[in-house]
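Reader: Could we go through this structure together, starting with its surface and then turning to its interior?

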Amino acid sequence: MPLPVEVGIGARARIGYSFGSLVTGSFSTVPGVLLLPYLTDTLAVPSAIAGAIVLLPKVWDVVFNPVAGRLSDASLVRHGSRRPFLLFGGLAVAVLFAGIFAHPGFGDTALDAGYVMVLYLLCATAFGLFQVPFNALPAELTDSYGERTRLTSWRMGFLAVAVLLAGGGAPGIANGIGGVAGHRVMGVVIGLVILLGAVLMVLGVRDAPVGRRRPAAQGWRDLVSTMRRWRSFRRLVLAYSVQALGLGTLLAGVSYASRYVFGDPAVQTWLFVGFVLPALVTMPLWPRIGERQGKLWGFRAACITFGAACAGLCAALVLPVGVSFVLVALAGIGYAGIQVFPLAIMPDLITAEEERTGETRAGVAAGVWTGAETLGMALGPGLFGLVLGIGGYVSGVDGSVPQPDSAVTAIVLGFSLLPGALVLLGLPLLRRDVLEGR
């Protein structure tokens, strides 16, 4: 079998792989932004229950994604490709995503909420089948330390575009049309974006190089033993999952902050533009910082930048709107680095572990990684829903229910201080031995 290339992999493969970010960016962003307010303000589901509905399907993913990784590794060993998982997983995500917001209208809040939870569970499962092999590919496309950072930077650039389009466009469609109809149209449009990303991604990596076919791990005991010894990977996963929780909390708060902190639902789109556009512009700068100062140094700097910006947003109720948007842009710059560096470090750790064991580890490692990231992003809306409940948030069916001052304060803190603190919480885990693969 051909070995991984040592240097560049070609623009076609790099761009083709990056198209997969249309799938991951859309699915990770839109439910994080719209699903909780859809449940609380369109279906009139109480905030605590809505938070649980958002959380439960993702808890399942923590169990399922390592299974998907093991199946993906087995497919690679038998057939030499992970593309079937990528294609069929992406197609299923597109269809099921549209179904989440289809709202059949059972006429009962409990049944409507149950429908959303079941469809979200199925969609999250399909997403695991796509995202796990998607995250595993960089370790097999190239052995080059610098090329992996560049590949991740391209991927994150596409991700930033996807987040910008999905995070800004989806609320614009849902709010522009309004109500149930707006969410139905939004679900179909984003589903088509997901479909396009999956197809272009599979076509783009069709002729890309494939790594060695090592035997897959034989059983769960082997995998558990590997994870127990793999201290560097555990620390990286834990740091990133805590930070994913912070990012998920921030995303969940955007809709509420636009209405009750900035006073205009239309601000939601501009908040996304103000957050993602600086991330997109500065995305190419972080790999250069990583090459000069090291990936770990860049990762730390990105966390501190994001945390400092979120701390400043605690005063959003009294700050001029322009100052708040400057802080949002600074948080976006930090977000870019937080996305680039851990995904650039992970393939290095996978390669070191595969060389040590002589067995394929990319799929199962990506499964554990994806499960932890998914749980963090899912806990974000759930945690924000809990904060809303503590603050006394009042649910409704049209999103215009007056809120007590305690609820507005809860929104501000859940949108600013909490995400920043969670991202900074991962800093002590980013020790030097994270880069050593042990």
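Author: The exchange below takes up a surface patch and then the cavities.
Author: This is a predicted model, in which local features need pLDDT of at least 70, side-chain atom pairs count only at pLDDT 80 or more, and totals for chains, interfaces and linings use all residues. Residues are numbered from 1 along each chain as its sequence is written, and side-chain values use heavy atoms, with hydrogens and water left out.

Reader: Which residues make the nonpolar surface patch?
Author: Phe88, Leu91, Val188, Leu192, Leu195, Leu196, Val199, Leu200 and Leu203 make a patch of about 740 Å². Patch residues have over 30% relative accessible area and no salt bridge, with nonpolar side chains (Val, Leu, Ile, Met, Phe, Trp, Tyr) joined within 5 Å.

Reader: And which elements give two or more residues to it?
Author: Helix H4 (83-100) and helix H8 (179-204) do; the largest share, 7 residues, comes from H8. Helices are DSSP runs (H or I, at least four residues).

Reader: Why does Leu195 count as partly exposed?
Author: Leu195 counts so because its relative accessibility is 31%, and partly exposed lies between buried (under 20%) and exposed (over 50%), with a 1.4 Å probe and protein chains only.

Reader: Turning inside, how many cavities of 30 Å³ or more are there?
Author: There are 5, a cavity being a set of points on a 1 Å grid where a 1.4 Å probe fits but cannot get out. The largest holds about 220 Å³ of space.

Reader: Which lining residues are closest to its centre?
Author: Of the 19 that line the largest cavity, they are Ser28, Leu159, Tyr335, Gln339 and Glu373. Lining residues have an atom within 4 Å of a point.

Conventions: Patches are made of residues with over 30% relative accessible area and no salt bridge: like charges are joined within 9 Å, nonpolar side chains (Val, Leu, Ile, Met, Phe, Trp, Tyr) within 5 Å. Accessible areas come from the Shrake-Rupley method with a 1.4 Å probe; for residues, only the protein chains shown count as cover. A salt bridge is a side-chain nitrogen of Lys or Arg within 4 Å of a carboxyl oxygen of Asp or Glu. On a 1 Å grid over the protein atoms alone, a cavity is a set of points where a 1.4 Å probe fits but cannot get out, and a pocket is an open set with protein on both sides within 12 Å along at least five of seven lines; lining residues have an atom within 4 Å of a point. Grid points are joined across faces, edges and corners, and a volume is the space filled by probe spheres set on the points.
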